[in-house]
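Me: I am new to this structure. Please take a close look at one part of it, the sheet, and at what packs around it.

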Amino acid sequence: MPVLLPRSEASSRRLAGTEVTGLVNEVSADTYRQALEDLTAHPTRHSFSSAYRDAARMSADRFAALGYATREEPVAVGGRKTLNIVADKPGTAPEDERRLVYVVAHLDSINQAGGVNAPAPGADDNASGAAGVLEIARVLAAAVIRHDLRLVLFGGEEQGLHGSRIHVADLSDADRSRIIMIVNMDMIGRLNTAAPSVLLEGATVSQHVIDALAQAAHDTSDLEVFVSLEPFASDHVSFIDAGLPAVLTIEGEDQLNTDEHTPRDTLAGLEVSVAISILRMNTAAVVAMLGASA
Ligand SMILES: [Zn+2]
C-alpha cells in the first residue's frame with residue numbers, strides 16, 4: 001500500500017545547486033509534447049508490429065542525432081522477435097571511478113482486446129515515459145557528466161518484461177557492479193488525483209534512489225509523493241530481482257486510469273503538466289547522481 005511521504009521528511013537536505021537547477025529548467029513541455037505526438041502517430045507500438053520497429057528506429061535516430069552511442073538490442077519472446085534501443089553517454093571521471101546511471105521506459109504498447117495490429121496509441125502507457133527518456137536525452141545531451149549515463153527503451157514489456165529481463169541478463173559483471181541508479185518511467189502523464197502526485201515504487205535495494213527522487217520532487221515540483229516498497233509489473237522489477245537499485249516513477253493512483261491497454265489511451269487523456277513535474281524530479285535526481293554540469 002503506497003504511503004504519502006510528508007514534505008518535511010525529505011526537505012532537510014536540498015539537492016539544489018545551480019547545475020541541477022539549470023538543467024531542470026531546460027525540461028520543455030513543447031519538445032516533450034512533440035515527442036508524444038511523434039510516438040503516438042504510430043497506429044500501434046505492439047512489440048511484434050512493424051510500427052513498433054518504426055517507432056524504435058525513430059527513437060534511435062534521435063538519440064544518435066543528440067550524440068549518444070546508440071544500438072539495437074535484439075529481444076526474443078518465445079519464437080518472436082522485438083528489440084530494445086540502448087543509448088550511452090560517457091562520463092568524464094577516470095574510468096575506474098565511473099559509475100553507471102540508467103533512465104529507462106518501455107516503448108511498446110498493447111491493445112489487450114485486439115491483435116498485433118489493433119489500434120494501441122498507448123499515450124500514457126507508455127508514450128509518456130518513452131517521450132520522457134527522449135526529453136531527458138535532449139536535456140543532458142550537451143551537459144558534462146562525471147559518471148556514465150545509459151538510456152534504454154524496452155520492447156516486450158507488455159508480454160512480460162522481456163526486454164528488460166534480457167538486458168539485465170546480458171549485463172557484464174563490470175557494468176552490473178557499477179550501477180548506482182535506475183529510474184524507470186511507466187505512465188507519467190495522467191492526473192488521477194485532485195492534486196498532482198507521483199508514486200515512487202522500489203525496494204530496500206533502491207531506498208537511496210527513492211530518497212533522492214523524493215528530495216528532488218520536493219525541491220523542483222509541487223508533486224505529492226507516495227512511496228511503495230512492493231515493486232511489480234514494470235521494468236524496474238527486472239533490475240530489482242537482480243539486486244540492482246531501480247525505482248519506478250508513475251503518476252499517483254494509476255489504478256484509477258481504466259483506459260490503459262485500450263484504444264482509449266490517447267493524448268486527449270494526458271495532463272502534460274503532471275509529466276513535466278515528474279520529468280523535473282527525475283532530471284534533478286539523475287543530474288545530482290551523475291555529477292553533471294550544464
Ligand atoms: Zn506500462
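Reply: What follows goes through the sheet, its inner strands and the helices beside them.

This is a predicted model, in which local features need pLDDT of at least 70, side-chain atom pairs count only at pLDDT 80 or more, and totals for chains, interfaces and linings use all residues. Residues are numbered from 1 along each chain as its sequence is written.

Start with the sheet. It is open and has 9 strands, in the order E1-E9-E8-E10-E7-E4-E6-E3-E2. The pairing is mixed. Strands (E, at least two residues) and helices (H or I, at least four) are DSSP runs, numbered from the N terminus. Two strands pair if DSSP finds at least two bridges between them. Strands of a sheet pair through backbone hydrogen bonds, either parallel or antiparallel.

Which strands stand at the edges? They are E1 (3-4) and E2 (69-77). Each has a single partner strand, so one side of each is left without a neighbour in the sheet.

Now move inward, to E4 (100-106). Of its 7 residues, 7 are buried, so E4 is largely enclosed by the rest of the structure. A residue is buried if 20 or more other C-beta atoms lie within 10 Å of its own, exposed if 12 or fewer, and partly exposed in between; C-beta atoms are placed from the backbone. In a regular strand the side chains alternate between the two faces of the sheet. In E4, Leu100, Tyr102, Val104 and His106 point one way. Val101, Val103 and Ala105 point the other way.

E4 has E7 and E6 beside it in the strand order. E4 and E7 pair in the parallel sense over 5 bridges. Val103 stands opposite Val183 in E7. E4 and E6 also run parallel, joined by 7 bridges. There, Ala105 has Leu153 as its bridge partner.

E6 (residues 148-154) comes next. For E6 too, 7 of the 7 residues are buried, so this strand is largely enclosed by the rest of the structure. Asp148, Arg150, Val152 and Phe154 point one way from E6. Leu149, Leu151 and Leu153 point the other way. E3 (residues 80-89) runs antiparallel to E6, with 5 bridges between them. Lys89 stands opposite Leu149. Val86 has Val152 as its bridge partner.

Next come the helices. H4 (residues 50-65) lies across E2, E3 and E6, at about 10° to E3. H5 (residues 123-140) packs on the sheet as well. It touches E3, E4, E6 and E7 (179-185), and its direction makes about 145° with that of E4. Axes here are lines fitted to C-alpha atoms, for helices over the stretch in contact, and angles run from 0 to 180 degrees between N-to-C directions. Residues are in contact if their C-beta atoms, placed from the backbone, lie within 7 Å.

H5 also meets H3 (residues 29-40): their axes come within 9 Å and cross at roughly 130°. That makes H3 oblique to H5. Angles under 35 degrees count as roughly parallel, over 145 as roughly antiparallel, 65 to 115 as roughly perpendicular and the rest as oblique. The residues in this contact include Tyr32, Ala35 and Leu36 of H3 and Ala127, Ala131 and Leu134 of H5. By class, the contact of H3 with H5 has 9 nonpolar, 3 polar and 2 charged residues. Ala, Val, Leu, Ile, Met, Phe, Trp, Tyr, Cys and Pro count as nonpolar, Asp, Glu, Lys and Arg as charged, and the others, Gly among them, as polar.

H3 meets H10 (residues 272-290) too. Their axes come within 11 Å and cross at roughly 115°. That makes H3 roughly perpendicular to H10. Ala29, Tyr32 and Arg33 of H3 make the contact with Val272, Ala275, Ile276 and Leu279 of H10. This contact has 6 nonpolar, no polar and 1 charged residues.

One residue deserves a last look. His236 is in helix H9 (residues 236-241). His236 has 31 C-beta neighbours inside 10 Å, so it counts as buried. Leaving out residues up to four places away in sequence, His236 touches Ile182, Asn184, Gly202, Pro231, Ala246, Val247 and Leu248. The C-alpha atoms of His236 and Ala246 are separated by 5.3 Å, though these residues are 10 apart along the chain.

How values were computed: Contact = placed C-beta atoms within 7 Å.
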